[in-house]
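Let's take a look at how two chains meet. Have the structure open and follow along.

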Amino acid sequence: MNYQEFKKSVIKYASENNLNDYELYYSKSDETSVEIFQKEVKGFNSANNLGICFRCIVNGQTGYASTENMTEEEANSIVLRAIQNAKTLESEAPSFIHKQGDTYLTYEKEEAKIPSAAQLVDFALDLQSELYKQDERVIDGTQSYAGYSSSEKAIFNSNGLDLVDNAAFDYWYGMAIVSDGKEMYNGIHIKSGKMDNFDKAEIAKEAVKDAIETIGYTSVDSGEYTVVFSNKVMASLLSTYSSVFSAEAAQKGLSLLKDKEGEMIAAEIITLTDDPLYKEALVKATFDDEGAATAPKNVIENGKFTTFLHNLATAAKAGVKTTGNGFKASYSSPVGINHYSFYINPVKGSLDDLFEEAGNGIYITSVEGMHAGANPITGDFSLSSGGFRIENGKKAGPVKGITISGNFLQLLKNISSVGEDLKFNPVALSAHRCGSPSVLVKGITIAGQ
Amino acid sequence: MLLSQNLINEALWKASSTGADYAEIYAEYTKSKTISMVSSKVDKIADGVISGVGIRIFKGTRCISGSASSLSGEAVLSCAQKVADALLGTREMETIVLRERRFGDIHPIHIVPSSVENTVKIDLLREACESARNYHSDISQVTGSFLDVDHNILIATTEGLLAEDRQIRTRMAVSAVASKNGENQTGSCSPGGRMGLEFFELHNPKEIGEEAARQAMVMINAGYIPAGKMPVAIGNGFGGVIFHEACGHALEASSVALGQSVFTGKLGKQIANEKVTALDDGTIPNGWGSINIDDEGTPSQRNVLIENGILKTYMIDKLNGRRMGMASTGNCRRQSYMFEPTSRMTNTFIAEGTDKNEDIIASIEYGLYAKSMGGGSVNPVTGDFNFAVNEGYIVRNGKVCEAVRGATLIGKGAEILMDIDMVGQNLERAQGMCGASSGSIPTDVGQPMIRVSSITVGGR
């Protein structure tokens, strides 16, 4: 049974069960990837996966059921299971199946070129030899990867909404392992987008540099430091704490920003934007996961908290219009909220300017264990970190085996300078990602020796 | 059976047509349900079926794999063809003879959760959430979830193996938020087992809720720990996450076989303090991380990883086993058919030692008692690990004193294993979800109380 046939059957069962408000959500992904070890292909994977979610409103509640098995029996089963589930829900949030009538943004889409399996293998093998060429300390265990990924999602509902979107991209990455004879160090560099724009030598160079830079690291004395967070690290902190900007978290009493709209929550230098069509994003979104139109907006403007991110239900509860941020973590998940390209706006100055301004301090380039050491509900973080010393306004020797700690909202207030080097964290095929320039913050507690 | 024997034969024959020396079919049909509660009201229910097939072929140490979200004959054969097409040789295997094997089920299930209506689960969850809410007036919010999974798998290989397993799991998770003076702190409790609803005869929902609330209340009234290096006593149960992160991942063949682990080439050598004996045991009846067979069809085993400080074995899957010249230890696992399987942990824990818990605390002049741990992560190449302390106390002059927040423990796996210098006697296991390349899988961590002589504690 293909999706069109399955959809017809679901519509038939929905009507047999007298459902007036329902939606069918379809998502499909195809991925081909190759992995190199030593000088050979170690692994080759080709995955074709799909999933379908049905939801319907019964007695004012939205029941969900999903499947990956497109059979007549399952078409009937997801309708019945969704009805059953709706009947046991007690949510106070209003339920919606989105109506037609939104004006959707548009953008120009480039045609995707699908690389052949042989091409992927060749690219990855070349990248692998580039990695070994970079430095004599590169050892076996070093690996390179190349892949192609495409996805499609479709929303069809009882109000006649019928939307389809798709995206595709290539990715390459190198994972270098180097040894100084005593210890091993690893580094990684990922490039995603259009393969034609990738430079193997550059990926190899950056991956090996990432590993080698940390050789000879030391710890620092525990204490308070002026810190420059690299763009990558600041973006991943933002990502970890992005749920504080969700109206759903706020309405459930799980956000520190509850009731703070209109207040100064960050330094004046901070403007935070959510842009579903950010021009360099590999995946853009013109409609959200309940079919509502998306739009760019500032969430923080010159330090002032302007709006939560909303879906239809939270917007109705707050008496505002949806911001088009309805989001399903996977096709089977109930609708929640998420950002798109979500970034702190660049201001001015290079990284060197920030070091100059810091004088003496620590440049943090890696943080680990976000899921454990950073808590979005309390805002607290205490994270294993690494980076470099900043001495007399210049980047100095590597630092490892330290932790940084603080509170995310306090950190937003304490940012004294924002650089111009905006960078987004590379995430797999997703419209949802965070970005930031490097930032300077005073008074961060560091634990070391 | 998830697939007919004719289809299995045909697919294996096709998959091995281009020179593979091993082909394997993994078919899955999984039902899962998650009921979420906010403010004692059922907020969301996710109810899904995951089904599809994953096919792998090996040629030496090279692996080609594919997956498809369907169990139809057409989809399975097309997946087999696609995998075969990536290898450009000619058939080596003459015949394939399948022999069905039944390994039995050492994890009896009394009440299969997927056959029980929502209301029964909702009542259990509500009891837990309400007991958390009623624990103290400073508890400002409680969220909870009830998860059950009915995971059916079939594995067939050109070695002739044909086996099935049904893995049923139940888990309840409660998270409580305490608020005071504009600050929030959280506490959580989330026990689970390879069991049905009878799990709640052993684990009272009321106690689950109270434990989450108790922890949030301790933390809202706690100050921040001053950062520094100090001795740490780590409590039993989830404290075992230290071994899981600091050592477990680096003993998985997926990193050992490629020389990406600090423990590569260390078999028979001392890698831990002689007080440390550690195991990975997938055969514990009804254990959260237990399996009858792994995802390559190898029966699960009780593996002694470290005995009195000496490295005895790694956790090995078939593919990495080829590279290492060692047999599988029954540790090959995958989240679902979509993920390529590899060596993973099951129930991993430090065995009981000879020290008394009170002696461990009494031995610390100034340090931390990490009563309850959060999650963590590790870089297996460097051994750098980190994990969070959910509930911690300062120890002064051998006595447990005030509660402290914000502690994170960091270090290097190889070093911390040598620094575990006291091991207590109250072994307990706790449940977690472990994420790695082959997806998110249920694993138990565990240990009795232990002492680490010196570790960097992040705080402020």
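## Where chain A meets chain B

Chain A and chain B share 44 residue pairs in polar contact, counting pairs with both residues at pLDDT 80 or more. Keep in mind that this is a predicted model. On the chain A side, strand S2 (residues 40–58) gives the most to the surface touching chain B, with 10 residues. Sorted by class, that side of chain A has 24 nonpolar, 33 polar and 13 charged residues.

Here are the totals for the pair of chains.

| Item, chain A with chain B | Value |
|---|---|
| Residues of chain A in contact | 70 residues |
| Residues of chain B in contact | 69 residues |
| Area buried between the chains | about 5,400 Å² |
| Share of that area on carbon and sulfur atoms | 49% |
| Salt bridges | 7 salt bridges |

For a salt bridge to look up, try A:Lys400 and B:Asp384: their side chains meet at 2.7 Å, N to O.

Back to S2(A), which also pairs across the chains. Strand S3 (residues 62–68) of chain B runs parallel to S2(A), and 6 bridges join the two. If you want a spot to zoom in on, A:Ser46 has B:Gly66 in S3(B) as its bridge partner.

Now for a helix in chain A. How many residues of H5 (residues 231–240) are buried? The helix is mostly covered, with 8 of its 10 residues buried. Among them are A:Val233, A:Met234, A:Leu237 and A:Leu238, along with A:Asn231, A:Ser236 and A:Thr240.

Definitions and conventions
Residues are numbered from 1 along each chain as its sequence is written. Chains are lettered from A and ligands numbered from 1 in the order in which they are written. Side-chain values use heavy atoms; hydrogens and water are left out. Buried means under 20% relative accessible area, exposed over 50%, partly exposed in between (1.4 Å probe, protein chains only). Helices (H or I, at least four residues) and strands (E, at least two) are DSSP runs, numbered from the N terminus. Contact means heavy atoms within 4.5 Å. Buried area is the accessible area (1.4 Å probe) that two parts lose on being put together, summed over both. A salt bridge is a side-chain nitrogen of Lys or Arg within 4 Å of a carboxyl oxygen of Asp or Glu. A polar contact is a pair of N or O atoms within 3.5 Å; within protein, one must be able to donate a hydrogen and the other to accept it, and residues adjacent in sequence count only if both atoms are side-chain atoms. Ala, Val, Leu, Ile, Met, Phe, Trp, Tyr, Cys and Pro count as nonpolar, Asp, Glu, Lys and Arg as charged, and the others, Gly among them, as polar. Two strands pair if DSSP finds at least two bridges between them.
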